[in-house]
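User: I'm new to reading protein models. Could you walk me through one, starting with the overall picture and ending on one residue?

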Amino acid sequence: LLVGGPHASLNPEDCLDSAFDAVCVGEGEYPTLELVEQLEEGRYPSGIPNLHIKKGDSIESNPPRPFVEDLDALPFPDREMWTPWIENPSSRPSVLVGRGCPFRCTYCCNHALSRVADGRYVRVRSPRNIVEELREMKERNPYLGEVYLEVETLGFKQDWALELCDELKSLNSELEVPIVFGSNLRVTPNASYDELFAAFSESNFSFINIGLESGSERVRRDVLKRRYSNSDIIGTVQTAKKHGLKVGIYNLIGLPGETKRDFRETVRVNRICQPDWFLLSVFFPYPGTELYDTCR
């Protein structure tokens, strides 16, 4: 039994205390491949970078390997293997277009995960490679109508995002039933999104999700390390709506030091933005993050 993911990567010892035989710290494609190869050879797994492996009463802790530099080199996910467990196979699937986050928000695992291995943490796939995966998905399911482009923020590299929009527009021009897209955007201070949102609209994006988190600028600045103003958020939402995009707002409540006045600011900014939907989460201090240490 092998476990991986953010919690396992940041707290491998906790996971090996439970029912698991091994923990993968960091990215798992190549460690899992080597694990399977050794098992097929009839060997007890050993010496696999990224894996912490139980051996009786001891643990073999292997060093990390660098982050995968070329995401285009990885095969596309085998989605069909999951079909028996999917309640609604026609629901909106996700396509991962990048990995890592350039920001260092205290409540999020990214600032800690970026330190578990060497190499570049923030990476994106080439627009052409992304479109190849979408084309393959469309061939398997001609009725595929909507896809979520999963990434921490689609606005991280604007030149890349604009090139991606061109490729998506070209793909849809070939399709009898075009694909509708949605994604995430992390607002940055004093940024202009007019050109980017125009490209989103032209390439058949229907919506974006934006993280407000707290409407209190004090909480964002001093607790979360998210340095943008409420005016930045409101202006970004207005620009999105101008280009016909629907907007979802992420809100995070129950943060350390949050007051009733801070929470009312969150309500006030949502009222001004009038999002098409909002998502509400209660803060939980994830072990391994900076804000977990603050809570302790």
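Analyst: Sure, we'll go from the whole chain down to one residue; keep in mind that this is a predicted model.

User: What does the secondary structure of the protein chain come to?

Analyst: The count is eleven helices and twelve strands.

User: How do I read the radius of gyration of the protein chain?

Analyst: Set it beside what a compact globule would have. For 296 residues that would be near 19 Å, and the protein chain has 21 Å, so the two agree. Along the principal axes, the C-alpha atoms fill a box of roughly 60 × 55 × 35 Å.

User: And what about contacts between residues far apart in sequence?

Analyst: Take the contacts between residues at least 6 apart in sequence: 70% of them join residues at least 24 apart.

User: How much of the protein chain counts as buried?

Analyst: Of the 296 residues, 44% do. As for the accessible surface, it comes to about 15,700 Å², and carbon and sulfur atoms hold 52% of that.

User: Now the single residue. Is Thr-239 buried or exposed?

Analyst: Buried means under 20% relative accessible area. Thr-239 has 18%, so it counts as buried. You'll find Thr-239 in helix H9, which covers residues 230-242.

User: Which residues does Thr-239 touch, leaving out those up to four places away in sequence?

Analyst: Those are Tyr-193, Asp-194 and Phe-197. Closer along the chain, look at Gly-235: its backbone oxygen lies 2.9 Å from a polar atom of the Thr-239 side chain.

Terms used. Residues are numbered from 1 along each chain as its sequence is written. This is a predicted model: local features need pLDDT of at least 70, side-chain atom pairs count only at pLDDT 80 or more; totals for chains, interfaces and linings use all residues. Side-chain values use heavy atoms; hydrogens and water are left out. Helices (H or I, at least four residues) and strands (E, at least two) are DSSP runs, numbered from the N terminus. The radius of gyration is taken over C-alpha atoms; the globule rule is 2.2 Å times the number of residues to the power 0.38. Buried means under 20% relative accessible area, exposed over 50%, partly exposed in between (1.4 Å probe, protein chains only). Contact means heavy atoms within 4.5 Å. Accessible areas come from the Shrake-Rupley method with a 1.4 Å probe; for residues, only the protein chains shown count as cover. A polar contact is a pair of N or O atoms within 3.5 Å; within protein, one must be able to donate a hydrogen and the other to accept it, and residues adjacent in sequence count only if both atoms are side-chain atoms.
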